[in-house]
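Hello,

Here is the structure I promised to pass on. Please open it alongside this message; my notes follow below.

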Amino acid sequence: MAEKIQPGMVSGELGAAGLRFGIVVSRFNSFITERLLSAAVDALQRAGASSKDVDVVHVPGAFELPLAAKKLAATGRYNALIAIGCVLRGETSHYDYVCSETARGLQLAQIDTGLPIIFCVLTCDTLEQAIDRAGLKGGNKGFESGLAAIEMARLSQKLRGPQSAVAIRTSSRSTTSRKKRHK
């Protein structure tokens, strides 16, 4: 009978000590974004990050988040970034363009640079929804984003590092293949 497969597991931990984080935050709807920022910094601090390991850059609005994030990522100084914004639906289609292009821009920046960029851009129909997501009722999405940044930074280290499970599996497979060819 065939041996049961035991897949390897690779996951990120929630220890922030020794990691560097950049946070890009929109000034538009700052009464919401500043609460998200405060909670994200709190999550990083609770997990062991120090003040010198966290940089905050303010931009005018959510639409400007992708460019600033990509430029921060290009510096090579950070293990993860968090993009914080809040877009509230208005009476025009402006909301749809800003939301979709901000999400697309941040995803492209993440893919282009290989650096985790956590999406903490609230896209709400009402101010009440935004207030609820910034800590009033359902927790704070900024805090969740801080934790996600830590986890993705650690996971990225494992996936690119020489000790990563993926690298170990790949090298053991190629070693096995070489042994079979040389027999």
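Helix α3, residues 94-113, lies across β3 and β4. Its direction is at about 175° to that of β4. Keep in mind that this is a predicted model.

The two strands under discussion, β3 and β4, pair with each other in the parallel sense, over eight bridges. Strand β3 covers residues 80-88. One pair to look up: V87 has T123 of β4 as its bridge partner.

Now the whole sheet. It is open and has four strands, in the order β2-β1-β3-β4. The pairing is parallel. The edges belong to β2 (54-59) and β4 (117-124). Each of these has a single partner strand, so one side of each has no neighbour in the sheet. From one strand to the next, the twist averages 15°.

Back to α3, this time with its helix partner. Helix α2 spans residues 65-74 and packs against α3. The axes are 8 Å apart, and the angle is about 15°. Angles under 35 degrees count as roughly parallel, so α2 and α3 are roughly parallel to each other. Their crossing is right-handed.

Which residues meet in this contact of α2 and α3? From α2 come L65, P66, A69, K70 and A73. From α3 come E101, T102, G105, L106, A109, D112 and T113. By class, the residues of this contact divide into six nonpolar, three polar and three charged.

Two single residues deserve a look.

N29 sits in the loop between β1 (21-26) and α1 (30-46). Its phi is positive, about 60°, although N29 is not a glycine. Is N29 buried or exposed? Its relative accessibility is 13%. The cut-off for buried is under 20%, so N29 counts as buried.

G142 belongs to helix α5, residues 141-160. Its relative accessibility is 0%, so G142 counts as buried too. What does G142 touch, leaving aside its neighbours within four places in sequence? The contacts are L36, A39, A40 and C120. Of these, L36, A39 and A40 fall within the range of α1 (30-46), and C120 falls within that of β4 (117-124). G85 is a further landmark: G142 and G85 are 57 residues apart in sequence, with 9.9 Å between their C-alpha atoms. G85 itself falls within the range of β3, residues 80-88.

A good place to start is α3, where it lies across β3 and β4. Then turn to the contact of α2 with α3, and finish with N29 and G142.

Best wishes

Technical notes. Residues are numbered from 1 along each chain as its sequence is written. This is a predicted model: local features need pLDDT of at least 70, side-chain atom pairs count only at pLDDT 80 or more; totals for chains, interfaces and linings use all residues. Side-chain values use heavy atoms; hydrogens and water are left out. Two strands pair if DSSP finds at least two bridges between them. Axes are lines fitted to C-alpha atoms, for helices over the stretch in contact, and angles run from 0 to 180 degrees between N-to-C directions. Contact means heavy atoms within 4.5 Å. Angles under 35 degrees count as roughly parallel, over 145 as roughly antiparallel, 65 to 115 as roughly perpendicular and the rest as oblique. A crossing is left-handed if the near helix is turned anticlockwise from the far one by less than a right angle, and right-handed if clockwise. Ala, Val, Leu, Ile, Met, Phe, Trp, Tyr, Cys and Pro count as nonpolar, Asp, Glu, Lys and Arg as charged, and the others, Gly among them, as polar. Buried means under 20% relative accessible area, exposed over 50%, partly exposed in between (1.4 Å probe, protein chains only).
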